[in-house]
Amino acid sequence: MNIVVVHIASISLLVACWPINVLSANSYEDKYFISNLTKFYDPKVRPVIERSEVTTINVTFGLVSIISLEEKDEILSTKVWFYTMWYDRFLKWNKTDDSPESFFLQISDVWSPSIQFHNTVSDVKHMKDKEDKVIVHNSGYVSYTYNGRLDTRCKVNIKQFPFDQQVCFISMSASVTAFSGEDVIVSTPNVDLQLFEENGEWDLVEATFALKNFSVKGLNQTPATATLTLQRRTMFYILNNILPVVFLSFLNTFAFLLPEESGEKMSLCVSILLSYAVFLTLINSYLPANSDHLCFFSVYVTLLVLISTLTCFVILFMLALHNHLKSGKGIPRWLRCVNGTNGRVETAEHEPKNGTNEISAITRDACDEIVQRLNLISFITFFALTALINMVYFIGANE
């Protein structure tokens, strides 16, 4: 029995890929035979004698390609095919030299199971197209292959973006199993990947096809569910998002090493801060607007924005302090430990020795030394903090 089913399934799958004109090529001799066979056939009636009999529907699921996974809308688009087969006792005949082994019929001319997709978000609700054809075999088995695009809901977990792994489901079952007398059986627990084409953004890690039981308002449902485990390809995001952010984070700390006289310290700091804002906007455009899962990458960039903002405030303070000391005013008490003195910064009001401006030069050196020491302390502090944030992110993102 299983050998016959597999044999018929393989033939039907190949036939499903043939052109339409081949599928409709029943001869006139077959037409006469078909008209006699279906003379009293009613496609609206399930092909059983007693209503208690169950019609078993064997289903095989094949994946052709992953078109896209829209994280913002949480929609998975796939190109799939479903092969279904059932037994129709009223379309059975003994094979003779004058009768065909199998023939094609319009799906609307035979009874077919009412299988619907549960989590689709498109207009495709049922696994049936009135323009399609079925293959009727002399053993009484009828096979039908449905292929097309499916847009299904897929709950996205953005916690580890862009090192994330997503699990999506494609669920289908008979419309109302309890009343229709249709029982869906999964032919194989694995998704058929013979025709599968790789996707440039996602790797298919695992694909299974199995039955799942649940009850809705007392009605038992046994949907056949395909589970697709997808792993994001990270190279694009590493080169275009992560590495630029890492480079900017360390470049931000080197603003402390620029001399105050250059006049570029604040402009460099503000430019880096604006670059972070651009990256944060770009990242948010990828991700769904929900708070179910906190994205580590968004938190990481937000922390770097905070560090960059603090850097701008510190640099602004350094510039104000530099101008304060250059004016010859006293050193604040909290800075005396840095300067190593307890007095005021000397000014050029004292008479210079040997007719030179030596005291004035010493005054400028003292001011520069104080600011340089503070800049060095700030550079080391912010560099260590930036390195710590980067290390924590990469460790947490790969767990």
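In helix 5 of this predicted model, the buried residues are Y237, N241, I242, V245, V246, L248, S249, N252 and T253. An α-helix has 3.6 residues a turn, so residues three or four places apart point the same way. Helix 5 runs over residues 235–253, and its 19 residues reach 27 Å from the first C-alpha to the last, a span close to the 27 Å expected at 1.5 Å a residue. The axis of helix 5 nevertheless bends by about 35 degrees at I242, with a proline, P244, following within four residues. I242, the site of that bend, is itself among the buried residues of the helix.

Helix 5 belongs to a protein chain that has nine helices and twelve strands. Of the 399 residues in this chain, 43% are buried, while the surface that the chain exposes comes to about 21600 Å², with carbon and sulfur atoms supplying 59% of that area. When contacts between residues at least 6 apart in sequence are considered, 75% of them join residues at least 24 apart.

Turning to the strands, it helps to recall how sheets are held. Strands of a sheet pair through backbone hydrogen bonds, in either a parallel or an antiparallel arrangement. Here four strands form an open sheet in the order 4-7-12-9, and their pairing is antiparallel. Strand 4 (115–117) and strand 9 (202–211) are the edge strands, each of them pairing on one side only. Neighbouring strands of this sheet are turned against each other by 20 degrees on average, if direction is ignored. At the strand 4 edge, the antiparallel pairing with strand 7, which covers residues 165–174, extends over three bridges, and S173 in strand 7 is the bridge partner of Q116.

A parallel pairing is found between strand 1 (residues 55–70) and strand 8, where the two strands are joined over five bridges. Within this pairing, T56 has D183 of strand 8 as its bridge partner. Strand 8, residues 182–186, presents two faces: E182, V184 and V186 lie on the covered one, whereas D183 and I185 lie on the uncovered one. D183 therefore combines two roles in this description, as the bridge partner of T56 and as a residue of the uncovered face.

A last stop is helix 7 (residues 296–326), where N323 has its place. Is N323 buried or exposed? With a relative accessible area of 53%, N323 is exposed, because the cut-off for that class is over 50%. The C-alpha atom of N323 is separated by 9.4 Å from that of E260, although the two residues are 63 apart along the chain.

Notes: Residues are numbered from 1 along each chain as its sequence is written. This is a predicted model: local features need pLDDT of at least 70, side-chain atom pairs count only at pLDDT 80 or more; totals for chains, interfaces and linings use all residues. Side-chain values use heavy atoms; hydrogens and water are left out. Buried means under 20% relative accessible area, exposed over 50%, partly exposed in between (1.4 Å probe, protein chains only). Two strands pair if DSSP finds at least two bridges between them. Axes are lines fitted to C-alpha atoms, for helices over the stretch in contact, and angles run from 0 to 180 degrees between N-to-C directions. The expected span of a helix is 1.5 Å times one less than its number of residues. The bend at a residue is the angle between axes fitted to the seven residues ending there and the seven starting there. Contact means heavy atoms within 4.5 Å. Accessible areas come from the Shrake-Rupley method with a 1.4 Å probe; for residues, only the protein chains shown count as cover.
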